[in-house]
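Here are my notes on this chain, set out as numbered points so that you can go through them with the structure open. I hope they are useful as a companion while you turn the model around.

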Amino acid sequence: MLNPSPSQIDSYYYIDINQDGIGDIKINAHNQNSVGVALFYVEVSALDNLTSFTFGNTDSVMNSSTLCWYFSMLKKYNNGDTIKSANYITQGYLYYGVTQGNMGNYCSGSDATWLNKGDKFIGVMYKTSSDTSYGWVRVSVTNSYSVLIEEFSLGS
């Protein structure tokens, strides 16, 4: 489980989705508190040009009234959902939030169905020059900057 403490603000977990001994996916849980601002997120990134993820919202424009940015939010899947026809990106968030303490602003780029909702799935596509495989990573996002990686699979 990735759960950064105040003294350790970043926790990383690497997934070798194709089982070749090299990490293909990085999941980063981040929590940072400084004067007036708290930043917290769970980010998923591809570590090579063969791996990508399904996505939901891709708005990355700053909202000037709340001082909030919204980044690519990964779409959640439930057991049995089809992922082959989805759109894909190489970096996205299960949760992204910031609190502006001095101004009282709060925002989140999260799909609230990730947070404390039990096991959900991230769709994964692994594409080489000769083959495309689809898989998933099963996670449970336990709070805005913690995630439990349950298991993963590629292909059948």
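1. A definition to begin with: two strands count as paired if DSSP finds at least two bridges between them. On that basis, strand β4 (residues 51-54) pairs with β10 in the antiparallel sense, with three bridges between them. One of the contacts to look for is Thr51, whose bridge partner in β10 is Tyr126. Please keep in mind throughout that this is a predicted model.

2. Now the overall make-up. The chain has zero helices and twelve strands, so the pattern along the sequence is simply β-β-β-β-β-β-β-β-β-β-β-β. Of the 156 residues, 43% are buried. Taking contacts between residues at least 6 apart in sequence, 51% join residues at least 24 apart. The surface exposed by the chain is about 8,000 Å², and 47% of it is supplied by carbon and sulfur atoms.

3. Back to β4, this time looking towards its other partner. Strand β7 (residues 88-89) runs antiparallel to β4 and is joined to it by two bridges. Here Phe53 has Ile89 as its bridge partner in β7. On the β10 side, eight bridges join β10 to β11, again antiparallel, and Ile122 has Val137 as its bridge partner in β11.

4. Put together, these pairings belong to an open sheet of five strands, in the order β7-β4-β10-β11-β12, with antiparallel pairing. Which strands stand at the edges? They are β7 and β12: each has a single partner strand, so one side of each is left without a neighbour in the sheet. As general background, strands of a sheet pair through backbone hydrogen bonds, either parallel or antiparallel.

5. Next, the interior. The largest nonpolar core holds 20 residues, and Ile25, Leu94 and Ile122 have the most contacts inside it. At least two residues of this core come from each of β2 (25-34), β3 (37-46), β10 (120-127), β11 (132-143) and β12 (146-154). Apart from this core lies another, of six residues, including Tyr41, Tyr93, Tyr96 and Val98. In soluble globular proteins, nonpolar side chains tend to be buried together.

6. Ile25 deserves a closer look. Which residues is Ile25 in contact with, leaving aside its neighbours within four places in sequence? The list is Tyr13, Tyr14, Ile15, Ile17, Val44, Ser45, Leu47, Thr51, Phe53, Val124 and Val137. Several names return from the points above: Thr51 and Tyr126 are bridge partners, Phe53 is paired with Ile89, and Val137 is the partner of Ile122.

7. Two of the contacts of Ile25, Tyr14 and Leu47, also appear on the outside. Together with Tyr12 they form a nonpolar patch on the surface, with about 310 Å² of accessible area in total. Tyr12 is found in strand β1 (residues 10-15). Is Tyr12 buried or exposed? Neither label fits: its relative accessibility is 40%, so Tyr12 counts as partly exposed.

8. The charged pairs are worth a check as well. The count comes to two salt bridges, and Asp119, Arg138 and Glu151 are linked by them in a network. In one, the side chains of Asp119 and Arg138 meet at 2.4 Å, N to O. That pair links distant parts of the chain, with Asp119 in the loop between β9 (105-108) and β10, and Arg138 in strand β11, 19 residues apart. In the other, the closest N and O atoms of Arg138 and Glu151 are 2.7 Å apart. This pair also links distant parts of the chain, from Arg138 in β11 to Glu151 in strand β12, 13 residues apart.

9. Why is Arg138 classed as buried? Its relative accessible area is 19%, and buried means under 20%. Both of its partners are partly exposed: Asp119 has a relative accessible area of 32%, and Glu151 has 37%.

10. Finally, Tyr134, which is found in strand β11. Tyr134 is partly exposed, with a relative accessible area of 22%. Its C-alpha atom is separated by 5.8 Å from that of Leu154, 20 residues apart along the chain. Not counting residues up to four places away in sequence, Tyr134 touches Ile83, Lys84, Tyr88, Val124, Met125, Leu154 and Gly155.

Key. Residues are numbered from 1 along each chain as its sequence is written. This is a predicted model: local features need pLDDT of at least 70, side-chain atom pairs count only at pLDDT 80 or more; totals for chains, interfaces and linings use all residues. Side-chain values use heavy atoms; hydrogens and water are left out. A nonpolar core is a set of buried Ala, Val, Leu, Ile, Met, Phe, Trp, Tyr and Cys residues joined through side-chain atoms within 4.5 Å. Buried means under 20% relative accessible area, exposed over 50%, partly exposed in between (1.4 Å probe, protein chains only). Helices (H or I, at least four residues) and strands (E, at least two) are DSSP runs, numbered from the N terminus. Contact means heavy atoms within 4.5 Å. Patches are made of residues with over 30% relative accessible area and no salt bridge: like charges are joined within 9 Å, nonpolar side chains (Val, Leu, Ile, Met, Phe, Trp, Tyr) within 5 Å. Accessible areas come from the Shrake-Rupley method with a 1.4 Å probe; for residues, only the protein chains shown count as cover. A salt bridge is a side-chain nitrogen of Lys or Arg within 4 Å of a carboxyl oxygen of Asp or Glu.
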